[in-house]
Amino acid sequence: MAPPKRNLLATVQETLSPPTLLDDNHAIARVRGAQGKNLYLVELPENKKPLLVELPSRFRSQIWIKRGGYVLVDTTAFLDRDNKLDGEIVNVVRDEKEWRKQSYWPQEFVKKSSYPEDSDEGESVVGKMPPTDDSEGGD
């Protein structure tokens, strides 16, 4: 039997809005890839060493995480257990634009423009008509 739809809607609503403050043991991380069986490889902004984190059961088969996306990780979740896991995913960043407005968003994850500001081309020609060629003179 499928889980109730209210559980799915509650999970979706929880991931849409960012928290106002982060706990000391929580950090925003970028997903580098899936390692299988609800395990993901993530990188923290201050530490380029990848961490192996687990996706909790409430998100499984309900929220999908893509490579290059962002998650909120609890790095102290598995300190008492002796295993390979470095943390647990607490929340999934779905509305990235809203999360980026928060004061705790890491500077290392600031979105870079795909167009450099000092372009060598000079003036933009977007939306302009192509130049006319007068050398083909009309009869």
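A contact, for this tour, means heavy atoms within 4.5 Å. You are looking at a predicted model, where local features need pLDDT of at least 70, side-chain atom pairs count only at pLDDT 80 or more, and totals for chains, interfaces and linings use all residues. Residues are numbered from 1 along each chain as its sequence is written, and side-chain values use heavy atoms, with hydrogens and water left out.

**Stop 1: the whole chain**

Start with everything in cartoon view. You should find two helices and five strands, and reading along the sequence gives the pattern α-β-β-β-β-β-α. Helices (H or I, at least four residues) and strands (E, at least two) are DSSP runs here, numbered from the N terminus.

Now switch on the surface. The accessible surface comes to about 10500 Å², with 49% of that belonging to carbon and sulfur atoms; the areas come from the Shrake-Rupley method with a 1.4 Å probe, and for residues only the protein chains shown count as cover. Of the 139 residues in the protein, 29% are buried. Buried means under 20% relative accessible area, exposed means over 50%, and partly exposed is in between (1.4 Å probe, protein chains only). As for contacts between residues at least 6 apart in sequence, 60% join residues at least 24 apart.

**Stop 2: strand 4**

Select residues 70-74, which make up strand 4. Five of the five residues are buried, so the strand is largely enclosed by the rest of the structure. Turn it around and check both faces: Y70, L72 and D74 sit on one side, V71 and V73 on the other, and all are buried.

Which strands pair with it? Add residues 26-36, strand 1, which runs antiparallel to strand 4 and is joined to it by five bridges. Look for I28, whose bridge partner in strand 4 is L72. Then add residues 87-92: this is strand 5, which pairs with strand 4 in the antiparallel sense over four bridges. Here V73 stands opposite I89. To count as a pair, two strands need at least two bridges found between them by DSSP.

**Stop 3: the ring cluster**

Stay on Y70, show its side chain, and add W105 and F109; ring pairs link these three into a cluster. A search of the whole structure finds three aromatic pairs. Rings of Phe, Tyr and Trp (its six-membered ring) pair if their centres lie within 6.5 Å; planes under 30 degrees apart count as stacked, over 60 as edge-to-face, and the rest as tilted.

Take Y70 and F109 together: this pair is tilted, at 5.1 Å centre to centre with 50° between the planes. Y70 lies in strand 4 and F109 in the segment after helix 2 (96-100), so the pair ties together parts that are 39 residues apart in sequence. Y70 counts as buried at 8% relative accessibility, and F109 is buried too, at 1%. Next, W105 and F109 make an edge-to-face pair, 6.5 Å centre to centre and 65° between the planes. W105 is also buried, with a relative accessible area of 6%.

**Stop 4: E43**

Keep F109 on screen and select E43, a residue of strand 2 (residues 39-43). What does E43 touch, not counting residues up to four places away in sequence? The list is A29, R30, R32, K48 and F109. Is E43 buried or exposed? With a relative accessible area of 11%, E43 is buried.

Zoom in on R30. Its side chain meets that of E43 in a salt bridge (3.1 Å, N to O). This pair links distant parts of the chain, with E43 in strand 2 and R30 in strand 1, 13 residues apart. R30 counts as partly exposed, at 23% relative accessibility.

**Stop 5: other salt bridges**

A salt bridge is a side-chain nitrogen of Lys or Arg within 4 Å of a carboxyl oxygen of Asp or Glu, and a search of the whole structure finds four. Try E54 and R60, where the closest N and O atoms are 3.2 Å apart; R60 is partly exposed, at 28%. Then jump to K101 and E98, with their closest N and O atoms 3.9 Å apart. K101 is exposed at 60%, while E98 is partly exposed at 31%.

**Last stop: Q62**

Finish at Q62, in the loop between strand 3 (51-54) and strand 4. Q62 is partly exposed, with a relative accessible area of 21%. Draw a distance to L9: the two C-alpha atoms are separated by 9.5 Å, though the residues are 53 apart along the chain.
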